[in-house]
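Reader: I'm new to this one. Can you show it to me and let me ask where the descriptions come from?

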Amino acid sequence: MYAITGNDLQLTEVPDPVPAPDEVLIDVVAAGVNRADVQQRAGHYPPPAGASEILGLEVSGRIAAIGAQVTGWSIGDEVCALLSGGGYAQRVAAPAAQLLPIPAGVSLRDAAALPEVACTVTSNLLMAARLQPGETLLIHGGSSGIGTHAIQVAKALGARVAVTARSPEKLERCAELGADVLIDYSYEDFVAALAPPHHHGADVILDVVGGGYLSRNLDVLAVNGRLVIIGLLGGRTGELDLGKLLAKRGSILGTTLRSRPAHGPGSKAEVVAATLKGTWPLIAATAGSGQPGAHTVVPVIDSVFPLAEAAAALDHLTTGSVIGKIVLDVS
């Protein structure tokens with residue numbers, strides 16, 4: 001088979017992966033592109049022990065072989081999968097517990113854009129932060145792959161959604177997806193935008209910035225609010241006023257997805273199971289328009305690149321102009 005290898009991301013012939021007893025082999029149709037791939041390429045995000053060195057944390061395709069311990073799946077089934085690596089290839093081995101069926105109305109190619117964002121949003125908004133109907137969710141980076149998915153899921157669950165983004169075009173797309181409060185962080189202060197008398201702050205904050213926003217996130221956090229940090233684009237450290245945190249009875253949570261164990265409490269298998277139950281039923285395409293309807297969650301695709309142009313896809317992701325997800329066409 002062929003796969004993308006090396007820091008120069010060249011298409012290279014490599015041996016086919018061999019599925020373990022609890023895994024399936026997938027003939028890949030498409031692979032999702034994530035910022036973690038950019039970090040791994042730069043040497044800042046090595047794969048977990050035992051994971052493939054090949055980039056790619058999510059794919060869609062058809063099952064080509066099944067391990068001896070796998071039940072409930074058949075050869076030829078169309079699936080998408082959450083991976084620890086190996087997705088930028090014609091074939092990949094994936095744990096059966098990390099497979100998801102293709103949602104009705106979503107193309108097999110577009111489904112490659114779903115596993116990472118769906119599992120990230122489920123694990124953080126539902127499992128960690130316990131987002132409730134009527135609460136206000138603040139999403140930093142609302143036009144990102146995670147952001148565009150989180151907007152739709154939160155609205156389907158009955159929450160009010162505020163987003164930060166950098167341009168009118170990105171904010172307009174966030175509004176189309178259901179965002180209620182639009183904040184251009186290049187000149188607007190998100191703390192002031194959610195302050196009384198019009199708002200009571202944010203009950204839940206989904207943050208990819210990290211240290212650079214820590215103090216201000218605490219300022220905007222509502223009483224009993226939950227700050228969930230899932231990225232460190234703004235640095236690893238920040239100043240925290242513990243007195244303010246105590247006064248607000250707030251919580252600060254930090255989570256990752258890739259480094260979770262395959263099975264057991266807090267595992268990828270647990271997150272995938274929660275995704276299948278909690279948010280996967282919300283995902284369906286709106287026929288013809290590509291726009292979400294009431295209580296509908298759809299994959300938001302920015303662009304599609306051939307597998308051989310993976311380097312160009314990652315370069316495009318780093319431009320800051322992407323809205324939603326980039327997909328590599330492997331078929």
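Author: Here come some questions and answers about helices, a sheet and a few strands. One thing up front: this is a predicted model.

Reader: Why is α2 called oblique to α3?

Author: Helix α2 (residues 115-128) and helix α3 (residues 145-156) pack at an angle of about 55 degrees, their axes being 9 Å apart. Under 35 degrees would count as roughly parallel, and 65 to 115 as roughly perpendicular. The angle fits neither range, so α2 is oblique to α3. The crossing is right-handed, by the way.

Reader: Which residues of α2 and α3 meet?

Author: From α2 you have V117, A118, T120, V121, L125 and L126, and from α3 there are G145, I146, H149, A150 and V153. Sorted by class, that contact has eight nonpolar residues, three polar and no charged.

Reader: And what makes α2 roughly perpendicular to α8?

Author: Again, look at the angle: α2 and helix α8 (residues 268-278) pack at about 85 degrees, with axes 9 Å apart. The range for roughly perpendicular is 65 to 115 degrees, so α2 gets that label with α8. On the α2 side, A118, C119, T122, S123, L126 and M127 make the contact, and on the α8 side E270, V271, V272, A274, T275 and G278 do. The classes here are seven nonpolar, four polar and one charged.

Reader: How do you know that α2 is mostly covered?

Author: Buried means under 20% relative accessible area, and 12 of the 14 residues in α2 are buried. Among them are P115, E116, V117 and A128. Just after the helix, R130 takes a positive phi of about 55 degrees.

Reader: Let's turn to the sheet of six strands. What makes β10 and β13 its edges?

Author: The order in this open sheet is β10-β9-β8-β11-β12-β13, with parallel pairing. β10 (181-184) and β13 (251-254) each have a single partner strand, so one side of each has no neighbour in the sheet. Neighbouring strands are turned by 15 degrees against each other on average, if you ignore direction.

Reader: How do you know that β11 and β12 pair?

Author: Two strands pair if there are at least two bridges between them. Strand β11 (residues 202-207) and strand β12 (residues 221-229) have five bridges, in the parallel sense. One case is D207, whose bridge partner in β12 is I229.

Reader: Where do α2 and α3 touch the sheet?

Author: α2 packs on it, touching β8 (136-140), β11, β12 and β13, and its direction makes about 155 degrees with that of β11. α3 packs on the sheet too, touching β8, β9 (160-165) and β11, with its direction at about 170 degrees to that of β8. Over 145 degrees counts as roughly antiparallel, and both of those angles, about 155 degrees and about 170 degrees, fall there.

Reader: What makes β5 mostly covered?

Author: Strand β5 (residues 78-82) has four of its five residues buried.

Reader: How many bridges join β5 to β4 and to β7?

Author: Five bridges join strand β4 (residues 58-66) to β5, and these two run antiparallel. G61 stands opposite V79 in that pair. Three bridges join β5 to strand β7 (residues 99-101), again running antiparallel, and there C80 stands opposite L100. With at least two bridges needed for pairing, β5 pairs with β4 and with β7.

Definitions and conventions. Residues are numbered from 1 along each chain as its sequence is written. This is a predicted model: local features need pLDDT of at least 70, side-chain atom pairs count only at pLDDT 80 or more; totals for chains, interfaces and linings use all residues. Side-chain values use heavy atoms; hydrogens and water are left out. Axes are lines fitted to C-alpha atoms, for helices over the stretch in contact, and angles run from 0 to 180 degrees between N-to-C directions. A crossing is left-handed if the near helix is turned anticlockwise from the far one by less than a right angle, and right-handed if clockwise. Contact means heavy atoms within 4.5 Å. Ala, Val, Leu, Ile, Met, Phe, Trp, Tyr, Cys and Pro count as nonpolar, Asp, Glu, Lys and Arg as charged, and the others, Gly among them, as polar. Buried means under 20% relative accessible area, exposed over 50%, partly exposed in between (1.4 Å probe, protein chains only).
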